[in-house]
Amino acid sequence: MQDKILDKSEVDALLERLGSEYDVYAPLRDQQGSVEWAALDSSSDLVWDFSNTGVSPKRFVFPQTECMMRFNNRSDDPEGMIMKQEQGLQRQQALLNIRPCDAKALKALDSIYCRDQTSNDVYWRDKREKTLYVGLACKSPCPTCFCTSVRCGPHYEEGLDILLVDLGERLLVRTLSEKGAELASNLSDAPDEAKQQAAQQKEEAEAAVRSQVGLENIQSRGIMELYEAPMWDREHESCLNCGVCTYVCPTCHCFDIQDETQGEHGRRVRNWDTCMSWLFTYHTSGHNPRGTKKDRFRQRFMHKFKYMPYKFDVIGCVGCGRCTQSCPVNIDVTEVVGEMNEPDLN
Amino acid sequence: MQELTQQIRSAAKRLLQEERVDCVLGYREGTVPMRERPFFAYTPEEADQLVWTRFCVNNLANFLIGRQDRVAVVAQGCVSRNIVGLIQEKQLSREQVYVLGLHSPGMVDSAKVQAQFPNRVIHSVEEDGEELLVNGADFQERVKVRDVKRDNCYTCTHRNAVIYDEFLGEQGEETGGGNIDNVAAPWENLSLEERWQRFEETFKDCIRCYACRDVCPLCYCNQCFVDENQPQWCGKTVEETDVHTFHILRAFHCAGRCTDCGACESACPVGIKMRRLTSKLEKDIRELYGYSPGLDLESTPPLSVYSPEDPEPFSTG
Ligand code: SF4
Ligand code: SF4
Ligand code: SF4
Ligand code: SF4
């Protein structure tokens with residue numbers, strides 16, 4: 001790890017270096033005035049004051065619609081009906097100003113998508129390896145953020161190649177990987193005063209995270225105890241079972257695979273899917289293991305806060321608060337998790 | 001508004017105490033700015049959590065579908081019209097619901113408020129008469145309600161509940177002030193190419209989360225056409241063809257039934273204006289059939305019946 005310094009007026013030089021090797025994306029202001037991820041054309045478009053994007057950047061590694069293979073849809077052709085894998089990402093990509101929580105989310109998903117030989121998702125791995133993560137530390141967390149409660153934080157470093165800290169006219173550039181160090185190699189070292197300023201910002205930002213959740217009781221409780229807790233009866237009541245919470249979430253990662261044909265062309269595509277939908281678990285037999293709205297509602301929270309910690313020692317949530325913010329009926333993740341963690345579940 | 005909140009609470013307590021109903025469906029305070037949450041109160045104590053503000057942007061009729069118990073429901077104009085619609089379509093019986101009718105103040109579009117404060121995080125918003133008090137970590141500013149209402153609330157035609165068992169507060173102005181026919185079909189005057197372009201732009205950011213469908217009291221199908229796979233009417237991707245198919249078909253399924261409550265637009269996480277389709281279709285229904293949805297328990301929605309006199313202006317022979 002090294003701390004370098006970069007004047008904001010010299011960001012262009014860094015971008016030029018980036019652009020020569022990577023397609024660069026960043027949170028940018030769109031026509032409606034909201035900040036969402038888009039391809040970066042000019043450094044003047046960069047936004048330094050934003051909370052976070054409404055939709056997470058997971059699509060750069062896990063596109064909502066992704067063609068996996070193609071085939072010639074002809075059974076009379078000896079070459080027909082044979083799946084041919086799609087080429088991976090053609091050019092490397094850089095996610096500039098990604099929030100630390102969103103980078104951590106992708107890191108957490110590695111434990112699902114490429115943990116070992118048995119879970120080696122080539123599509124995920126391809127894009128993970130070809131992506132550079134240049135984070136931007138959070139200055140003013142939203143009221144819905146609770147990152148510090150889930151092993152994350154406004155200056156969290158895991159999953160990043162570089163962490164930028166906005167010091168006003170200058171950026172502190174903290175290199176966190178070889179790739180990051182190489183990119184920042186020609187920058188000068190940060191003076192102590194800048195390092196102190198960044199450290200102070202970190203403290204202030206962490207203190208400004210107002211929402212907190214406890215997880216200790218969830219951890220110590222058995223799975224069935226939580227699963228059967230009476231709390232789910234009321235908590236799920238107004239849930240619509242739509243897909244908003246899972247689609248805006250940086251750590252939700254379920255998908256559905258479909259073969260599509262048109263004339264002689266065929267392809268295998270995977271699309272995001274959501275555990276909130278009844279169709280997600282519906283069997284061909286007609287049985288549905290998660291047949292009720294309550295089952296599906298419970299799954300989302302159990303998966304993130306019990307099953308993932310239990311299986312991989314990873315919390316399936318980074319505390320970004322997007323689900324709370326975008327839910328049409330304001331189901332609040334911190335409230336539900338708070339209930340799961342109550343000393344008395346009854 | 002606080003007065004109405006009190007009236008809702010006392011009506012709810014009375015109905016629960018007298019065991020007239022098993023629960024009261026209303027709103028309780030949300031945890032994020034400008035979004036109250038649908039809430040079922042089962043006891044008089046729980047009824048104390050009920051609120052009524054300009055941030056009640058769901059359509060509560062949606063939460064009545066499939067319930068077996070007796071429910072009292074807080075309903076302004078559009079919601080009461082959807083209750084009528086559900087009764088017409090036999091999804092609900094009149095006896096099962098107790099309608100606490102209200103006059104709608106016109107609800108707030110949170111995106112319009114946020115748009116006035118770019119780069120600033122809003123921590124809370126309070127109502128203060130005809131203004132909103134917007135609070136952030138280091139600012140407090142006022143916004144006029146009339147500048148930030150939802151589009152559909154400007155052109156509302158029935159702000160008072162159309163059916164009710166009890167009306168809370170005063171009946172008020174029936175319309176939102178705007179004329180729906182003037183804005184219902186923003187693309188009618190565009191050339192074919194421009195119209196297509198507008199259409200593509202309108203839906204380009206859709207992430208197919210289906211919140212617009214799931215929040216809508218018209219979309220109660222056990223299996224929506226987008227979830228069917230034999231045959232598969234609609235692909236699952238976020239490519240244009242599939243996104244467009246979803247939106248066009250959904251809009252047609254709502255034709256002659258949509259009350260323009262705006263719950264779909266309020267629910268969308270990416271700000272899609274899907275009313276651009278439904279409001280055009282409702283205008284067509286008014287012009288072709290002289291019908292507005294949800295006003296009369298005895299009538300039958302025009303697209304649910306066949307009549308030899310049905311207009312066929314699209315048929316060119
Ligand atoms: S929690 Fe909210 S966003 Fe998620 S499915 Fe339920 S209603 Fe939709
Ligand atoms: S569950 Fe909610 S708060 Fe946690 S990472 Fe997902 S969207 Fe963010
Ligand atoms: S709510 Fe918005 S993003 Fe979701 S399916 Fe509807 S239009 Fe698309
Ligand atoms: S879009 Fe059509 S099929 Fe789907 S739920 Fe709505 S009315 Fe039913």
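Student: Let's start with Glu46(B): which residue does it form a salt bridge with, and how far apart are the closest N and O atoms?

Tutor: Keep in mind that this is a predicted model. To call a salt bridge, you look for a side-chain nitrogen of Lys or Arg within 4 Å of a carboxyl oxygen of Asp or Glu. Here Glu46(B) pairs with Arg234(A), and the closest N and O atoms are 2.9 Å apart. That one crosses between chains, and the rule finds three salt bridges across the interface of chain B and chain A.

Student: And which elements of chain B each supply at least two residues of the side that touches chain A?

Tutor: On chain B they are β1 (23-32), β2 (35-41), β6 (122-128) and α8. Of these, β2(B) gives the most, with five residues. Sorted by class, that side of chain B has 18 nonpolar, 11 polar and 11 charged residues.

Student: How do I put a size on an interface like that?

Tutor: People often quote the accessible area that is lost when the parts come together. Between chain B and chain A, about 3,100 Å² is buried, and carbon and sulfur atoms give 51% of it. Asn119(B), Ile207(B) and Lys236(B) supply 16% of what chain B buries against chain A, more than any other three residues. You can count residues too: 40 of chain B are in contact with 39 of chain A. If you'd rather count polar contacts, there are 15 residue pairs between the two chains, with both residues at pLDDT 80 or more.

Student: Back to salt bridges for a second. How many does a search of the whole structure find?

Tutor: Over all chains, the search finds 54. One inside chain A joins the side chains of Arg91(A) and Asp23(A), at 2.7 Å from N to O. Arg91(A) sits in the loop between β5 (84-85) and β6 (92-98) of chain A, while Asp23(A) is in strand β2 of chain A, so the pair ties together parts that are 68 residues apart in sequence.

Student: You mentioned β2 of chain A. Which strand does β2(A) pair with, and in which sense?

Tutor: Its partner is β3 (residues 35-39) of chain A; β2(A) covers residues 22-29, and the two run antiparallel over five bridges. To get your bearings, find Ala26(A), whose bridge partner in β3(A) is Ala38(A). The two strands make a hairpin with five residues between them, and Gly33(A) in the turn has a positive phi of about 95°.

Student: What about an open sheet: how do I read the strand order in chain A?

Tutor: Walk across the sheet rather than along the sequence. In chain A there's an open sheet of four strands, ordered β5-β4-β12-β11, with antiparallel pairing. Strands β5 and β11 (255-262) are at the edges with a single partner strand each, so one side of each has no neighbour in the sheet. β4 (residues 65-72) pairs with β5(A) over two bridges, and Met69(A) stands opposite Gln85(A) there. Seven bridges join β4(A) to β12 (residues 265-272), where Asn72(A) faces His265(A). As for side chains, in a regular strand they alternate between the two faces of the sheet.

Student: Which backbone oddities should I look up in chain B?

Tutor: As a rule, most residues other than glycine have a negative phi, and most peptide bonds are trans. Met34(B) has a positive phi, near 65°, and lies in the loop between β1 and β2 of chain B. A cis peptide bond joins Gln230(B) and Pro231(B), with omega about 0°. You'll find Pro231(B) in the loop between α8 and α9 of chain B.

Student: Last one: which residues are closest to ligand 3, and how many surround it?

Tutor: For a ligand shell, list the neighbours first and then sort them by class. Ligand 3 has 14 residues around it, the closest being Cys206(B), Cys209(B), Tyr210(B), Cys212(B) and Cys268(B). Two elements of chain B, α8 (211-214) and α9 (240-254), give two or more residues to that shell. By class, the shell has 12 nonpolar, one polar and one charged residues. Try ligand 1 next: its neighbours include Cys239(A), Cys242(A), Cys245(A) and Cys327(A), and the shell divides into 10 nonpolar, one polar and one charged. Around ligand 2 you'll meet, among others, Cys249(A), Cys317(A), Cys320(A) and Cys323(A), with seven nonpolar, two polar and two charged residues in the shell.

Definitions and conventions:
Residues are numbered from 1 along each chain as its sequence is written. Chains are lettered from A and ligands numbered from 1 in the order in which they are written. This is a predicted model: local features need pLDDT of at least 70, side-chain atom pairs count only at pLDDT 80 or more; totals for chains, interfaces and linings use all residues. Side-chain values use heavy atoms; hydrogens and water are left out. A residue is near a molecule or strand if one of its heavy atoms lies within 4 Å of it. Ala, Val, Leu, Ile, Met, Phe, Trp, Tyr, Cys and Pro count as nonpolar, Asp, Glu, Lys and Arg as charged, and the others, Gly among them, as polar. Contact means heavy atoms within 4.5 Å. Buried area is the accessible area (1.4 Å probe) that two parts lose on being put together, summed over both. A polar contact is a pair of N or O atoms within 3.5 Å; within protein, one must be able to donate a hydrogen and the other to accept it, and residues adjacent in sequence count only if both atoms are side-chain atoms. Two strands pair if DSSP finds at least two bridges between them.
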